[in-house]
Amino acid sequence: MVLSLLLLLLVGVLEAIRPGAVTPNWFRTTVLFAAPLGILAAGQTLVMLTGGIDLSVANVATAAAYIMASNARHGDLQAVLLGLAVGVAVGLVNGLGIAVFQAQPLIMTLGMALVVTGGLTVYSQFAVTSVPSVPGFIHTLGAGTVLGFVPVSLLLWAPIAVIIVVGLGRTGFGRLLYAIGDNAAACRLAGVRVWQVRLVNYTLCGLLSAIAGLVLAGTINTADLGLANTFLLPTVAAVVIGGTSIFGGSGNYSGTIIGALILTVLNSVLTLLDAPEPIKQILYGAIILLLATAYTRVLSDT
Amino acid sequence: MVLGRVALPFVPPRFVRRHGWTIGVYALLLASLIFTVAIHPTYGAFDIKSLALGALPLALAAAAQTVVVLSGGIDLTVGPLMAVTNVLAARAMLHSNFRDALLIAVLVLILGCAAGAFNGSIVVFSRVPDIVVTLAMSFVWGGVALLILEKPGGGAPLDFQNLAQETTLSPWVPNALILLIVVVAAVWIPLRGSRLGLALYAIGSDRTAAHASGVNVPLVRMLAYTLSGVFAAIGGLALTMTTGIGSPLSGSFYTLSGVATIVLGGVSLAGGKGGMLGPMAAAFILTLIPADLIFLGIDPNYGQVIQGIVIVLVVMVGGLATLRRKSA
């Protein structure tokens with residue numbers, strides 16, 4: 001609620017700085033840029049609800065997009081499936097390490113991020129013979145528009161959002177995520193197979209990251225080795241601004257969606273202000289910090 | 001129980017039990033050095049020097065991270081702070097003489113100390129989880145570094161660079177290694193033995209218990225970030241010495257690599273467990289891996305993959321070991 005008001009306030013600021021800036025076309029570009037971040041942050045939300053974190057989401061997104069683009073000549077469907085398979089595979093390994101071997105999520109996913117990035121660089125040098133190209137329908141998915149101002153990526157993001165929001169609130173799996181984040185030991189004593197839930201959860205996160213990578217490649221209409229790498233910290237920021245506790249157990253995906261929108265609008269406000277890059281970065285960090293502080297105060301007051 | 005058994009299992013001496021991980025890391029370092037000499041027989045003084053030069057900034061980033069992680073936190077500003085101090089030093093030292101450079105270095109250290117204290121006070125006063133605060137602050141410090149120097153540039157007097165780049169004592173003992181040992185020992189040994197050092201470990205292992213035994217938890221947390229700022233500033237100065245210039249993006253690599261290094265070095269991310277010796281050796285191991293790959297004629301890009309696999313295996317083994325100890 002407070003968050004939505006904040007989002008409206010930011011949009012108001014935007015309109016005040018540059019009257020006439022908020023148009024259907026502005027809506028279109030905002031959603032276009034928010035969609036990859038929002039989908040990427042969806043996976044991050046799922047793992048953070050269990051008290052974990054995934055530092056490999058951005059690298060997985062890049063790898064999925066690059067592998068899809070470099071296999072486009074074998075057929076679009078196969079390319080997309082290969083890209084998604086990368087996400088599932090990395091997510092599965094993350095899940096195995098964290099759920100079965102009890103590795104700390106932060107360092108496990110950091111290690112996998114190194115493996116993915118390094119592996120991708122090697123792959124790009126030895127296995128890629130043709131220029132990577134983004135399949136046409138992925139480009140439409142990432143950058144196309146229907147009905148004049150509704151981005152096609154919203155038609156993918158919205159169902160994903162609905163599934164996650166409903167899944168978290170209404171299904172046993174969703175409620176288990178909250179329970180594990182709250183008290184994993186108690187869950188185990190209550191008979192929950194915690195490791196299975198964690199394994200599935202990290203695999204889902206990997207899959208969502210891969211989807212986000214494909215959408216992003218479509219939006220930009222190219223896939224290079226650094227495609228999504230700047231997205232890692234914003235995903236964490238979107239989840240935290242959205243009110244999900246970094247210790248797990250509380251929060252939801254609808255907050256993350258607004259968090260991703262806030263970050264995107266914030267970015268366009270800073271761009272409109274024509275602030276130089278360093279100032280933009282400083283303001284970005286300071287505002288995230290202020291939001292997080294405000295949120296902690298509000299939560300501890302109620 | 002152990003007492004009930006007829007054949008007592010082998011119990012290693014207490015020293016080995018307490019420092020098992022550190023001993024293991026040094027054994028691994030020794031093994032990788034022997035391996036390096038085996039695959040590259042001409043490995044000599046020059047290679048040792050480049051290894052020390054490469055490991056110096058990483059080891060200092062690890063030292064900065066260690067202090068905070070021991071206290072039960074995490075500091076994602078280590079890399080950006082190294083960049084800030086790196087560009088600050090390089091910009092101020094351009095065309096200066098050695099004496100001025102040393103003076104500038106001291107000022108940069110003080111600034112690093114202040115920046116760390118600033119981070120720490122936000123962590124303490126905002127009551128926001130430290131990972132979030134330092135994540136946001138990493139954007140801020142990254143922006144500050146870009147404000148100071150837009151693109152790589154600046155410089156430092158040759159004598160100042162030689163503090164790390166020369167081999168004054170013997171060709172086999174690079175200055176970078178001596179610098180690292182002296183600097184870390186000068187900060188860490190007195191700290192470790194002091195009340196503050198004890199408090200650092202105490203709040204890392206159990207904050208409530210530490211508070212109950214009279215430790216000023218917010219103050220100690222703030223001091224941990226301050227010390228981290230000091231080590232990061234030394235790391236930034238080390239970057240100025242080893243590269244001779246300042247680069248606003250130089251630090252981006254060191255935040256997460258520092259975390260990986262300390263985990264390999266036996267510091268528990270849960271806080272309260274580990275020391276400074278392990279991470280130092282780990283920094284050398286992680287620097288040696290890409291060099292070895294070049295000697296083997298393998299694409300150095302595999303280096304990242306192997307580093308990643310080493311880290312993943314280490315945390316899995318560590319996790320399993322903890323599990324077995326719990327169930328035993």
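The following conversation takes a newcomer through a predicted model and the terms used to describe it.

Visitor: What should I know about the model and its numbering before we begin?
Guide: This is a predicted model, in which local features need pLDDT of at least 70 and side-chain atom pairs count only at pLDDT 80 or more, while totals for chains, interfaces and linings use all residues. Residues are numbered from 1 along each chain as its sequence is written, and chains are lettered from A, with ligands numbered from 1, in the order in which they are written.

Visitor: Why are α3(B) and α13(B) called oblique to each other?
Guide: Helix α3 (residues 45-70) of chain B and helix α13 (residues 277-295) of chain B have axes that come within 8 Å and cross at roughly 140°. Axes are lines fitted to C-alpha atoms, for helices over the stretch in contact, and angles run from 0 to 180 degrees between N-to-C directions; the helices themselves are DSSP runs (H or I, at least four residues), numbered from the N terminus. Angles under 35 degrees count as roughly parallel, over 145 as roughly antiparallel, 65 to 115 as roughly perpendicular and the rest as oblique, and α3(B) and α13(B) are therefore oblique.

Visitor: Which residues make the contact between α3(B) and α13(B), and of what classes are they?
Guide: Two residues are in contact if their C-beta atoms, placed from the backbone, lie within 7 Å. Among those that meet here are Leu51(B), Gly54(B) and Leu58(B) of α3(B), and Met280(B), Phe284(B) and Leu288(B) of α13(B). By class, the contact has 14 nonpolar, 3 polar and no charged residues, where Ala, Val, Leu, Ile, Met, Phe, Trp, Tyr, Cys and Pro count as nonpolar, Asp, Glu, Lys and Arg as charged, and the others, Gly among them, as polar.

Visitor: What makes α3(B) and α12(B) roughly perpendicular to each other?
Guide: Their axes are 8 Å apart and the helices pack at an angle of about 70°, and with the range just given for that word, α3(B) and α12(B) are therefore roughly perpendicular. The residues in contact include Pro57(B), Ala61(B) and Val69(B) of α3(B), together with Tyr254(B), Val259(B) and Ile262(B) of α12(B). This contact of α3(B) with α12(B) has 9 nonpolar, 5 polar and no charged residues.

Visitor: Why is Leu29(B) called partly exposed?
Guide: A residue is buried if 20 or more other C-beta atoms lie within 10 Å of its own, exposed if 12 or fewer, and partly exposed in between. Leu29(B) has 17 other C-beta atoms within 10 Å, and is therefore partly exposed. Leu29(B) is found in helix α2 (residues 20-39) of chain B, and, not counting residues up to four places away in sequence, it touches Ala281(B), Phe284(B) and Ile285(B). Leu29(B) and Ala281(B) are 252 residues apart in sequence, yet 6.5 Å apart in space, C-alpha to C-alpha.

Visitor: How do you know that α11(A) is mostly covered?
Guide: Of its 10 residues, 9 are buried, including Leu232(A), Pro234(A), Val236(A) and Ile241(A). After α11(A) comes Gly243(A), with a positive phi near 95°.

Visitor: What is noted about the phi of Asn221(A) and of Arg127(B)?
Guide: Asn221(A) is not a glycine, although its phi is positive, at about 65°, and Arg127(B), again not a glycine, has a positive phi of about 60°. Most residues other than glycine have a negative phi. Asn221(A) lies in the loop between α10 (194-220) and α11 (232-241) of chain A, whereas Arg127(B) is placed in the loop between α5 (98-126) and α6 of chain B. Asn221(A) is partly exposed because it has 14 other C-beta atoms within 10 Å, and Arg127(B) is partly exposed because it too has 14.

Visitor: What makes up the largest nonpolar core?
Guide: A nonpolar core is a set of buried Ala, Val, Leu, Ile, Met, Phe, Trp, Tyr and Cys residues joined through C-beta atoms within 7 Å. The largest one has 207 residues, and those with the most contacts inside it are Ala61(A) and Ala65(A). The element that gives the most to this core is α3(B), with 16 residues.

Visitor: How many residues does each chain bring to the contact between chain A and chain B?
Guide: Chain B brings 39 residues and chain A brings 38. On the side of chain B that touches chain A, α14(B) gives the most, with 15 residues.

Key: Helix = DSSP H or I, 4+ residues; strand = E, 2+ residues; numbered from the N terminus.
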